[in-house]
Amino acid sequence: MEDKHEKSKVPLLNRITKKSCERDNATIWDEHIIPFEDLVQKLDTDIDRGLSHSQVYELLAKDGANVLTPQPKSPKIILFFQSLFGGFGILLLIGAVLCFIAYGIHSLKSNDHFKESLWLGIALVFVNLISGCFSFYQVVFQIYFYY
């Protein structure tokens, strides 16, 4: 029983084998668990003075600037279709299709044309189109003007 608890105290880094890291193409980051003195030596820095200007330029040339990679932007047509057919828009379109089906069935069964279903279907398509355009405008404004 005591061995089981002792095994759980072994750091996870020690339990990961080098072979599994090579297989998974993983990088082991141990800066958060190594002693502070080893970290200073590994990073080749000085606690009091920091990096020298030559070290800064050397690391900048080797590793590049410490900035986030921008997220790739989707084409605007994809964003427009996502705005039209995403979320509540697809429910509006399903309702419109059901209204058109009800209008078609009713017009086939009787000679009088029951136009309320047709107008409701048209209104639902129109509401979805207007809502999708406003949603598209908001998404494009957010992506292309704030980032």
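What follows is a short conversation about a predicted model of an all-helix protein.

Reader: Let's start with the overall picture. What makes up the secondary structure of the protein?

Author: Eight helices do, since the count comes to 8 helices and 0 strands. From the N terminus on, the order reads α-α-α-α-α-α-α-α. Buried residues make up 14% of the 147 residues. The accessible surface comes to about 12,800 Å², and 63% of that belongs to carbon and sulfur atoms.

Reader: Take helix 7 and helix 8. Why is helix 7 called roughly antiparallel to helix 8?

Author: Look at the angle. Helix 7 and helix 8 pack at about 160°, with their axes 8 Å apart. Roughly antiparallel applies to angles over 145 degrees, so helix 7 counts as roughly antiparallel to helix 8. The contact involves, among others, Gly89, Leu92 and Cys99 of helix 7 and Ser117, Leu118 and Gly121 of helix 8. Helix 7 passes helix 8 in a left-handed crossing.

Reader: You mentioned Ser117. How do you know whether Ser117 is buried or exposed?

Author: By its relative accessible area, which is 14%. Buried means under 20%, so Ser117 is buried. Ser117 sits in helix 8, and leaving out residues up to four places away in sequence, Ser117 touches Cys99, Ala102 and Tyr103.

Reader: Now helix 6 and helix 8. What makes the two oblique to each other?

Author: Helix 6 and helix 8 pack at an angle of about 135°, with their axes 8 Å apart. Over 145 would be roughly antiparallel, and 65 to 115 roughly perpendicular. The angle here fits neither, so helix 6 and helix 8 are oblique to each other. On the helix 6 side, the contact is made by Lys76, Leu79, Phe80, Ser83 and Leu84, and on the helix 8 side the residues include Asn128, Gly132, Phe136 and Ile143. Helix 6 passes helix 8 in a right-handed crossing.

Reader: Which residues of helix 6 are buried, and how do you know which side of the helix they are on?

Author: The buried ones in helix 6 (residues 76-85) are Leu79, Ser83 and Leu84. They cover an arc of only 135° around the axis, which puts them on the same side of helix 6. There's a general pattern behind this: an α-helix has 3.6 residues a turn, so residues three or four places apart point the same way. The buried residues of helix 6 pack against helix 7 (88-109) and helix 8 (115-146).

Reader: What about the loops? Why is Gln71 called exposed?

Author: Gln71 has a relative accessible area of 70%. Exposed means over 50%, so Gln71 qualifies. Gln71 lies in the loop between helix 5 (53-63) and helix 6. Gln71 and Ile143 are 72 residues apart in sequence, while their C-alpha atoms are 9.8 Å apart in space.

Reader: And what makes Asp44 count as exposed?

Author: Asp44 comes to 52% relative accessibility. With exposed set at over 50%, Asp44 counts as exposed. Asp44 lies in the loop between helix 4 (36-43) and helix 5.

Reader: What is the phi of Asp44?

Author: Phi of Asp44 is near 55°, a positive value in a residue other than glycine. As a rule, most residues other than glycine have a negative phi. Gly87, which follows helix 6, has a positive phi too, near 65°.

Notes:
Residues are numbered from 1 along each chain as its sequence is written. This is a predicted model: local features need pLDDT of at least 70, side-chain atom pairs count only at pLDDT 80 or more; totals for chains, interfaces and linings use all residues. Side-chain values use heavy atoms; hydrogens and water are left out. Buried means under 20% relative accessible area, exposed over 50%, partly exposed in between (1.4 Å probe, protein chains only). Helices (H or I, at least four residues) and strands (E, at least two) are DSSP runs, numbered from the N terminus. The arc is that of the directions from the helix axis to the C-beta atoms. Contact means heavy atoms within 4.5 Å. Accessible areas come from the Shrake-Rupley method with a 1.4 Å probe; for residues, only the protein chains shown count as cover. Axes are lines fitted to C-alpha atoms, for helices over the stretch in contact, and angles run from 0 to 180 degrees between N-to-C directions. Angles under 35 degrees count as roughly parallel, over 145 as roughly antiparallel, 65 to 115 as roughly perpendicular and the rest as oblique. A crossing is left-handed if the near helix is turned anticlockwise from the far one by less than a right angle, and right-handed if clockwise.
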